[in-house]
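Here are a few worked exercises to try with the model open beside you. Have a go at each task before reading its solution.

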Amino acid sequence: MNIAVLSGKGGTGKTTISTNLSYKLSKLGHNVQYFDFDVEEPNGFIFFKPEISSVNDVEVLVPRVNDLLCSYCGECVEKCNFNALAIANNKMLVFEKICHSCGLCKLVCSAGAISEEKRTIGVIEKGLIDNLPVYRGVVNVGEPMGVPVIKALKKHIKESSINILDCSPGSSCSVIKTVENADYCILVTEPTKFGLNDLKITVDLLDKLKIPFGIVINKSNDDDNIIEDYCTDNTHTLLGKVPFSKDIAKKYSKGELLVDVDESFNEHMNDIIYELKKELII
Ligand code: SF4
Ligand code: SF4
């Protein structure tokens, strides 16, 4: 079972919920795996501090043009849907970072001038904390496309486990690629008008993808009705709340797993898990 954790924007508490939920479910005896799919800024390992057991490169194929065979006919340039090829001064230019590794240019080159070469764009790291396997994808600095790293990370998902997928913030291609096979999503939001606006965008996305979801209010305060009224009006499930607390914020900033060090947070996670179990058979 795949449970994705999303938020409309960064800093909402998505990783706090993902890491603590994974850890807590594992402690309760469930077979759980945690995945950090926020490949441009993965920070789940800050809280897990796992012992790293493997690091594997993520490679993509990019075209190489043999100038001796190329006739500069321009066929490959015309067919590339991503404008990753150009001819300038009788020289083929390949813009590797925007190449989507589709292989079409190689297919259309009747001169056989195009071969493919591997290029490393990131890594997949695996670690362990107690009995909980944790994975993260990390895209190299300056690489514009995280999706190949997300695809490589997804290969580690096991159907027999509860897989907690910590997504990128927002509703970009990376998020869509991560959640497309999710069985359920947890949307983490804050009780502000901006939070509600971002939440609605994510709800629209999940409605289009036809994925069921529940909502968690993080930094809960006297304005919770902003989110609660929206949930009631639209019959969305409210899974629970985590209160705004300076104490929690301090422990979070030290990179601590809150279920281990904050009893109040732990109780709120228990409530969220109780509601989650009513939604799902876990
Ligand atoms: S299709 Fe082949 S021959 Fe034509 S420009 Fe591209 S690489 Fe050169
Ligand atoms: S592999 Fe695809 S995206 Fe990359 S340069 Fe060739 S046609 Fe364009």
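**Exercise 1. Follow the antiparallel strands.**
Which residue is the bridge partner of Glu-51 in β6?

*Solution.* Step one: in β6, Glu-51 has Leu-128 as its bridge partner. Step two: put that pair in context, with β3 (residues 51-65) and β6 (residues 114-129) pairing in the antiparallel sense over 14 bridges. Strands here are DSSP E runs of at least two residues, helices are H or I runs of at least four, and both are numbered from the N terminus. Two strands pair if DSSP finds at least two bridges between them. Step three: move on to β7 (residues 132-139), which pairs with β6, again in the antiparallel sense, over eight bridges. Gly-122 has Val-139 as its bridge partner in β7. Step four: check the turn, since the β6-β7 hairpin has two residues between the strands, and Asp-130 takes a positive phi near 55° there.

A word on ground rules: this is a predicted model, where local features need pLDDT of at least 70 and side-chain atom pairs count only at pLDDT 80 or more, while totals for chains, interfaces and linings use all residues. Residues are numbered from 1 along each chain as its sequence is written, chains are lettered from A and ligands numbered from 1 in the order in which they are written, and side-chain values use heavy atoms, with hydrogens and water left out.

**Exercise 2. Get the overall picture.**
How many helices and strands does the protein have, and what percentage of its residues count as buried?

*Solution.* Start with the tally: 11 helices and 11 strands. Next, burial: 47% of the 282 residues count as buried, where buried means under 20% relative accessible area, exposed over 50%, and partly exposed in between (1.4 Å probe, protein chains only). Then the outline: along the principal axes, the C-alpha atoms fill a box of roughly 70 × 45 × 35 Å. Last, the contacts (heavy atoms within 4.5 Å): among those with a separation of 6 or more, 73% come from residues 24 or more positions apart.

**Exercise 3. Dissect β9.**
Which residues point one way from β9, and which the other way?

*Solution.* First, sort the side chains: Tyr-184, Ile-186 and Val-188 go one way, Cys-185, Leu-187 and Thr-189 the other, and all are buried. That fits a general pattern: in a regular strand the side chains alternate between the two faces of the sheet. Second, count: six of the six residues of β9 are buried, so the strand is largely enclosed by the rest of the structure. Third, find the neighbours. β1 (residues 2-7) runs parallel to β9, joined by five bridges, and Leu-6 stands opposite Leu-187. β10 also pairs with β9 in the parallel sense, over five bridges, with Gly-214 in β10 as the bridge partner of Ile-186. Fourth, add the helix: β9, α7 and β10 make a right-handed β-α-β unit (with the strands pointing away from the viewer, the path from the first strand over the helix to the second runs clockwise).

**Exercise 4. Find the two sides of α8.**
Which residues of α8 are buried, and what do they pack against?

*Solution.* In α8 (residues 225-233), the buried ones are Ile-227, Tyr-230 and Cys-231. Looking down the axis, they fall within an arc of 100° (taken from the directions from the helix axis to the C-beta atoms), so they line one face of the helix. On the other side, Thr-232 and Asp-233 are exposed. As for packing, the buried residues sit against β9 (184-189), α7 (193-209), β10 (213-220) and β11 (237-243). Asn-225 also belongs to α8, and at 37% relative accessibility it counts as partly exposed. After α8 comes Thr-235, with a positive phi near 50°.

**Exercise 5. Place Ser-168.**
Is Ser-168 buried or exposed, and which residues is it in contact with?

*Solution.* Locate it first: Ser-168 is in the loop between β8 (162-166) and α6. Its relative accessibility is 9%, so Ser-168 counts as buried. Leaving aside neighbours within four places in sequence, its contacts are Lys-14, Phe-37, Asp-38, Val-39, Ser-174 and Val-175. Now flip to Ser-174, found in α6 (residues 173-179) and buried at 12%.
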